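Please look over the sequence and the three-dimensional structure shown here before reading on, and keep both at hand while following the text.

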Amino acid sequence: MVLGILWIYWVGSLLAVIFGHIALAKIKSSAGLQQGRGMAIAGIVLGWVGVGFLMLGVLGALAGLGRR
């Protein structure tokens, strides 16, 4: 979840998505022994939000280059 909040030049966003999915898989396979499903989901969501902003930035840059 921390990587999803910080974004760190959007590398953090990608890592938040990856680690969030890993955490969800481990939580599911632990049969209730591990907790933190909400935090894993929050990390995934924040990671995808960061990836979305990255895509908007890339599209904006490409649109700006196309107007020249």
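The paragraphs below go through the packing of two helices, then some single residues, and then the loop between the helices.

The model is a predicted one, and a good place to begin is the pair formed by helix H2, residues 11-29, and helix H3, residues 37-66, whose axes come within 8 Å of each other and cross at roughly 155°. Because an angle over 145 degrees counts as roughly antiparallel, H2 is described as roughly antiparallel to H3. The crossing of these two helices, H2 and H3, is left-handed. On the H2 side the contact is made by Ser13, Leu14, Ala16, Val17, Gly20, His21, Ala23, Leu24 and Ile27, and on the H3 side by Arg37, Ala40, Ile41, Gly43, Ile44, Gly47, Trp48, Gly50 and Val51. Sorted by character, the residues of this contact between H2 and H3 comprise eleven nonpolar, six polar and one charged.

Helix H3 can be examined further by its length, since its 30 residues, at 1.5 Å a residue, should span 44 Å, and the C-alpha atoms at its ends are 43 Å apart, which agrees with that expectation. Which residues of H3 are buried? They are Ala40, Gly43, Ile44, Gly47, Gly50 and Val51, and what covers these buried residues of H3 includes helix H1, residues 2-6, as well as H2.

The contact can also be followed from one residue on each helix. Ser13 is found in helix H2, and it counts as buried because its relative accessibility is 0%, where buried means under 20%. Leaving aside residues up to four places away in sequence, Ser13 touches Leu3, Trp7, Gly47, Gly50 and Val51. On the other helix, Val51 belongs to H3 and is likewise buried, with a relative accessible area of 12%. With the same exclusion of residues up to four places away in sequence, Val51 touches Trp10, Ser13 and Leu14, so that the pair Ser13 and Val51 can be found from the side of Ser13 as well.

Two further residues of H3 are partly exposed. Gly52 lies in helix H3 and counts as partly exposed at 31% relative accessibility; between the C-alpha atoms of Gly52 and Ala23, which are 29 residues apart in sequence, the distance in space is 22 Å. Val49 also has its place in helix H3 and is partly exposed, with a relative accessible area of 37%. Taken C-alpha to C-alpha, Val49 and Leu65 are 24 Å apart in space, with a separation of 16 residues in sequence.

The loop between H2 and H3 is where Ala31 lies. Is Ala31 buried or exposed? At 71% relative accessibility Ala31 counts as exposed, since the term applies over 50%. The backbone of Ala31 also deserves a look, for its phi is near 55°, a positive value in a residue other than glycine. Most residues other than glycine have a negative phi. Finally, Ala31 can be related to the buried residue Val51, as the C-alpha atoms of Val51 and Ala31 are separated by 31 Å although the two residues are 20 residues apart along the chain.

Terms used:
Residues numbered from 1 in each chain as written. Predicted model: local features only at pLDDT ≥ 70, side-chain atom pairs only at ≥ 80, totals over all residues. Heavy atoms only, no water. Axes fitted to C-alpha atoms, helices over the stretch in contact; angles between N-to-C directions. Helix = DSSP H or I, 4+ residues; strand = E, 2+ residues; numbered from the N terminus. Parallel < 35°, antiparallel > 145°, perpendicular 65-115°, else oblique. Left-handed = near helix turned anticlockwise from the far one by under 90°. Contact = heavy atoms within 4.5 Å. Nonpolar A, V, L, I, M, F, W, Y, C, P; charged D, E, K, R; others polar. Expected span 1.5 Å × (residues − 1). Buried < 20%, exposed > 50% of the residue type's maximum accessible area, 1.4 Å probe, protein only.
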